[in-house]
Amino acid sequence: MQDAAQAQDMQQETPREHFLLFVAIPPPEVAARIEDAWRLANRRDRFRRATLHMTILPVIRTPQLAPGMAEALGRPLDGLDFPAFDLVLDRLTTFGPPRRRDRPLVLVGRQEHPAPDALCQALWRRLAHAGLAVARHRVTPHVTLAYGKPLPPEGIAVPPVHWRVDELVLIDSLQGLGRHVPLARWPLP
């Protein structure tokens with residue numbers, strides 16, 4: 001009986017897969033303002049405070065994290081000099097296909113922000129030049145706050161959340177565990 005309980009505990013601590021991504025993580029004061037914006041939706045969906053991020057470039061999904069993978073992905077970023085940039089996020093909305101039951105509930109900006117996608121393209125070029133096969137990606141700047149039934153189609157306007165994005169982080173998103181493990185960081189000057 002105890003072995004079965006231990007096996008279940010281990011199974012709960014083993015991710016279904018590892019998902020490596022380059023992301024921007026809001027600092028605590030910005031995360032607090034994002035949470036304040038989420039409260040305005042007056043929803044019961046679980047707020048994902050521990051995993052707030054803006055995806056810049058998804059890299060790989062893999063059942064096991066190979067030794068040295070983070071270093072191999074980070075090496076092409078040596079000398080990265082992409083400048084820090086400012087975002088303003090001011091609208092709660094829903095992403096994803098309508099047929100999905102639990103859809104991403106996100107915070108976006110009503111104004112266009114080209115910097116996150118420009119950073120994505122710069123990273124992709126560096127990784128491709130290093131011979132790493134990473135799929136092309138386009139960034140729509142957003143932070144996923146929860147998953148649930150859609151918000152109103154017009155979204156919900158919220159007080160602007162100002163975020164100075166000054167760091168890039170490579171994370172391992174442990175699928176099924178709801179945890180992100182930072183693997184490497186790069187300052188944006």
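**Exercise 1. Determine which residues of strand 1 lie on each of its faces, and whether those faces are covered or open.**

Step 1. In this predicted model, take one side of strand 1, where His18, Leu20, Phe22 and Ala24 are found, and then the other side, which holds Phe19, Leu21 and Val23.

Step 2. A residue is called buried when its relative accessible area is under 20%. All of the residues named on the two sides are buried, and both faces of strand 1 are therefore covered.

Step 3. The count for the strand agrees with this, since 7 of the 7 residues of strand 1 are buried and the strand is mostly covered.

**Exercise 2. Find the strands to which strand 1 is joined, and place strand 1 in its sheet.**

Step 1. Begin with strand 2, which is joined to strand 1 by 7 bridges and runs antiparallel to it; here alanine 24 stands opposite methionine 54 of strand 2.

Step 2. Turn next to strand 7 (residues 167–174), which 6 bridges join to strand 1 (residues 18–24), again in an antiparallel arrangement. Along this pairing, phenylalanine 19 stands opposite serine 173, and leucine 21 stands opposite isoleucine 171.

Step 3. Put the strands in order: the open sheet has 4 strands, arranged 2-1-7-8 with antiparallel pairing. Strand 2 (54–62) and strand 8 (179–187) each have a single partner strand, so one side of each is left without a neighbour in the sheet. From one strand to the next, the twist averages 20°.

Step 4. Finally, look for what lies across this sheet: helix 4 (residues 115–129) lies across strand 1, strand 2 and strand 7, and its direction is at about 35° to strand 2.

**Exercise 3. Identify the residues with the most contacts inside the largest nonpolar core, and the element that gives this core its largest share.**

Step 1. The largest nonpolar core is made up of 49 residues, and inside it Phe22 and Leu168 have the most contacts.

Step 2. Helix 4 provides the largest share of this core, with 6 residues.

Step 3. A second core, separate from the largest one, has 5 residues, among them Phe19, Leu21, Val23 and Val169.

**Exercise 4. Decide whether valine 181 is buried, partly exposed or exposed, and describe its surroundings.**

Step 1. Locate the residue first: valine 181 belongs to strand 8.

Step 2. Compare its accessibility with the limits, which call a residue buried under 20% and exposed over 50%. Valine 181 has a relative accessibility of 33%, and therefore counts as partly exposed.

Step 3. Leaving aside neighbours within four places in sequence, the contacts of valine 181 are Leu170, Ile171, Asp172 and Leu174.

**Exercise 5. Describe the second open sheet, with strand order 5-4-3-6, and the helix that packs on it.**

Step 1. This sheet also consists of 4 strands, and its pairing is antiparallel. Its edge strands are strand 5 and strand 6 (156–165), each of which pairs on one side only, while the twist averages 35° from one strand to the next.

Step 2. Within the sheet, 6 bridges join strand 4 to strand 5, and leucine 105 has alanine 146 in strand 5 as its bridge partner.

Step 3. Helix 2 (residues 28–39) packs on the sheet and touches strand 3 (85–94), strand 4, strand 5 and strand 6, with its direction making about 170° with that of strand 6.

**Exercise 6. State the volume of the largest pocket and name the residues nearest its centre.**

Step 1. The volume of the largest pocket is about 640 Å³.

Step 2. Its lining has 30 residues, and those nearest the centre are Phe19, Arg48, His53, Thr144 and Tyr147.

How values were computed. Residues numbered from 1 in each chain as written. Predicted model: local features only at pLDDT ≥ 70, side-chain atom pairs only at ≥ 80, totals over all residues. Heavy atoms only, no water. Pairing = 2+ DSSP bridges. Axes fitted to C-alpha atoms, helices over the stretch in contact; angles between N-to-C directions. Contact = heavy atoms within 4.5 Å. Core = buried A, V, L, I, M, F, W, Y, C linked by side-chain atoms within 4.5 Å. Buried < 20%, exposed > 50% of the residue type's maximum accessible area, 1.4 Å probe, protein only. 1 Å grid on protein atoms, 1.4 Å probe; cavity = no way out; pocket = protein on both sides within 12 Å on 5 of 7 lines; lining within 4 Å. Points joined across faces, edges and corners; volume = space filled by probe spheres on them.
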